[in-house]
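I am keeping these notes as I go through one protein model, looking things up entry by entry. I start with how the chain is divided and then turn to single residues.

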Amino acid sequence: MTTWLIKGARILGGEAADLLLADGRIAQIGRGLSEAGAQVLDADGLVALPGLVDLHTHLREPGREDAETVETGTQAAALGGFTAVHAMANTDPVADTAGVVEQVWRLGREAGHCDVHPVGAVTVGLAGERLAELGAMADSAARVRVFSDDGKCVSDAVLMRRALEYVKAFDGVIAQHAQEPRLTEDAQMNEGELSGVLGLRGWPAVAEEAIIARDVLLAAHVGSRLHVCHVSTAGSVEIIRWAKSRGCNVTAEVTPHHLLLTEQLVATYDPVYKVNPPLRTQEDVQALRAALADGTIDAVATDHAPHPAEDKDCEWAAAAMGMIGLETALSVVQEAMVETGLLDWAGVADRMSYRPARIGRLAEQGQPLAPGAPANLTLYDPSARWTVDPSAFASRSRNTPYQGMTLPGRVVATFLRGRPTVLDGKIA
Ligand SMILES: [Zn+2]
């Protein structure tokens, strides 16, 4: 295995140092390191971050390989600085058995661009009627610890309670897509003044907040772990803050797009902005940024949701919901959180690597950059500026809301257990 000597990287944006990567681990960190035979990478001016961990990625395989495959989705992840992703269960077939989660896990290992941790479905076929084989998925080679019906809400309170009780046995977590289904029938965008003006069916904030409120109480009642997917409203933040203050074992994530974009974009009727949960108001964006900064929201998760053109390039009401986000996540977080002074790079490492790895119970990811740690890291140039051109993405889909926008920062290199998956901004 090649030994790598990374020269002069700013560790978490701080002091410049050299990193020696050998045998899959960080062997040394210090100034003026040298090593005969090592491959040298000049990282002058680059920020070294621990490899990013995504809690919420849709890889679409099996079943929708026209939208994405494990191969293309994990290439996109590596290009975005990720060394691990959690692959959501709403595939076809649904990842609700040991067989399907092992298949996805194996495809990830074969592709080799980042670690793929399948998320298991909570209910059979995401139908919300009976629990899936949670224990068998936990015991499988994929060692599933995160379970979610994402795309759909586990709306039955009894089933949700039983799921929370069941995963305690193996320290699992239920990741809830909080959307009260009756309150959001045919919903097309955030409910408010603008939805009235545009004549689109509204998606009220209370539909998200009511489920979160119920679930934090259920999780506290059974003493289990709850994770809230893609929080999108100021009211949700208040409930999670209250629950944490009472000692409830709840964690939460926010997407990059909910940190940057608002419902105003829906006025274009461009379906690229149609997403679940919907883009909200400027006040919600401010509350989400503040909550990520103060730790009420634990993690940034992309909710990378690839769709082929035929599912997006149609009229608003008929278009699929979702946007891709792996290759732009760190740049959007830089724009929304770092350039606004809300987070420094150590904070970004915490919210995009350490904490998501802990939530997913990943032992070999989300470790501080230190001698002996697995050599999972990304080298990032925060001074770069680039114009988003989805035709250059590794993702098989093109549904990015940032097309044509200039974003800060670029991932220059990514290492997975000491082996480069990205070099010079390209798949290695
Ligand atoms: Zn979701």
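**Domains.** I looked up the division of the chain in this predicted model, and found domain 1 assigned to 4-47 + 373-427 and domain 2 to 50-360. I then took the centres of domain 1 and domain 2 over C-alpha atoms, and they are separated by 26 Å.

**The interface.** I asked how many residues of domain 1 are in contact with domain 2. The lookup returned 36 residues of domain 1, in contact with 47 residues of domain 2. The area buried between domain 1 and domain 2 comes to about 3200 Å², and 61% of it is on carbon and sulfur atoms. Of the area that domain 1 buries against domain 2, I noted that 21% is supplied by Arg396, Asn399 and Tyr402, which is more than any other three residues supply.

**Polar pairs across the interface.** I searched the interface of domain 1 and domain 2 for salt bridges, and the rule finds 2. I also looked up a salt bridge between the side chains of Asp115 and Arg417, where the N to O distance is 2.8 Å. For polar contacts, the count across the interface of domain 1 and domain 2 is 20 residue pairs, with both residues at pLDDT 80 or more. I then asked which strands supply at least two residues each to the side of domain 1 that touches domain 2. They include β16 (377-387), β17 (406-416), β18 (419-423) and β19 (426-427). The largest share of that side of domain 1 comes from β17, with 7 residues. Sorted by type, the residues of the side of domain 1 that touches domain 2 are 19 nonpolar, 11 polar and 6 charged.

**Thr302.** I went next to Thr302, which I found in the loop between β15 (299-300) and α10 (309-312). Is Thr302 buried or exposed? Its relative accessibility is 2%, so Thr302 counts as buried, the cut-off for buried being under 20%. The side chain of Thr302 reaches the backbone oxygen of His56 at 3.2 Å, and a polar atom of that side chain lies 3.0 Å from the backbone nitrogen of His304. Setting aside neighbours within four places in sequence, I listed the contacts of Thr302 as Asp54, His56, Thr57, Phe82, Thr255, Pro256, His257, Gly325, Leu326 and Ala329.

**Pro62 and Pro93.** I checked peptide bonds before proline, bearing in mind that most peptide bonds are trans. The bond from Glu61 to Pro62 is cis, with omega near 5 degrees, and the bond from Asp92 to Pro93 is cis, with omega near 5 degrees. Pro62 is in the loop between β6 (52-57) and α1 (70-79), whereas Pro93 is in the loop between β7 (82-87) and α2 (98-111). Pro62 has a relative accessible area of 8% and is therefore buried. Not counting residues up to four places away in sequence, Pro62 touches Thr91, Asp92, Pro93, Val100, Gln103 and Val104, so my list for Pro62 takes in both residues of the other cis bond. For Pro62 and Gln103, I noted a separation of 41 residues in sequence and 8.7 Å in space, C-alpha to C-alpha.

**Positive phi.** I looked up phi values as well, since most residues other than glycine have a negative phi. Arg60, which lies in the loop between β6 and α1, has a positive phi near 70 degrees. Arg143 has a positive phi near 45 degrees, and its place is in the loop between α3 (134-139) and β9 (146-147). Which of the words buried or exposed applies to Arg143? Arg143 counts as exposed because its relative accessibility is 54%, whereas Arg60 is buried, with a relative accessible area of 12%.

**Glu35.** My last entry is on Glu35, in the loop between β3 (25-30) and β4 (39-42). At 39% relative accessibility, Glu35 counts as partly exposed. Leaving out residues up to four places away in sequence, Glu35 touches Thr3, Leu5 and Leu20. Glu35 and Ser397 are 362 residues apart in sequence, and I noted their C-alpha to C-alpha distance as 42 Å.

Technical notes
Residues numbered from 1 in each chain as written. Heavy atoms only, no water. Helix = DSSP H or I, 4+ residues; strand = E, 2+ residues; numbered from the N terminus. Buried < 20%, exposed > 50% of the residue type's maximum accessible area, 1.4 Å probe, protein only. Polar contact = N/O pair within 3.5 Å; in protein donor to acceptor, adjacent residues only side chain to side chain. Contact = heavy atoms within 4.5 Å. Domains from an automatic or database assignment. Buried area = accessible area lost by both parts, 1.4 Å probe. Salt bridge = Lys/Arg side-chain N within 4 Å of Asp/Glu carboxyl O. Nonpolar A, V, L, I, M, F, W, Y, C, P; charged D, E, K, R; others polar.
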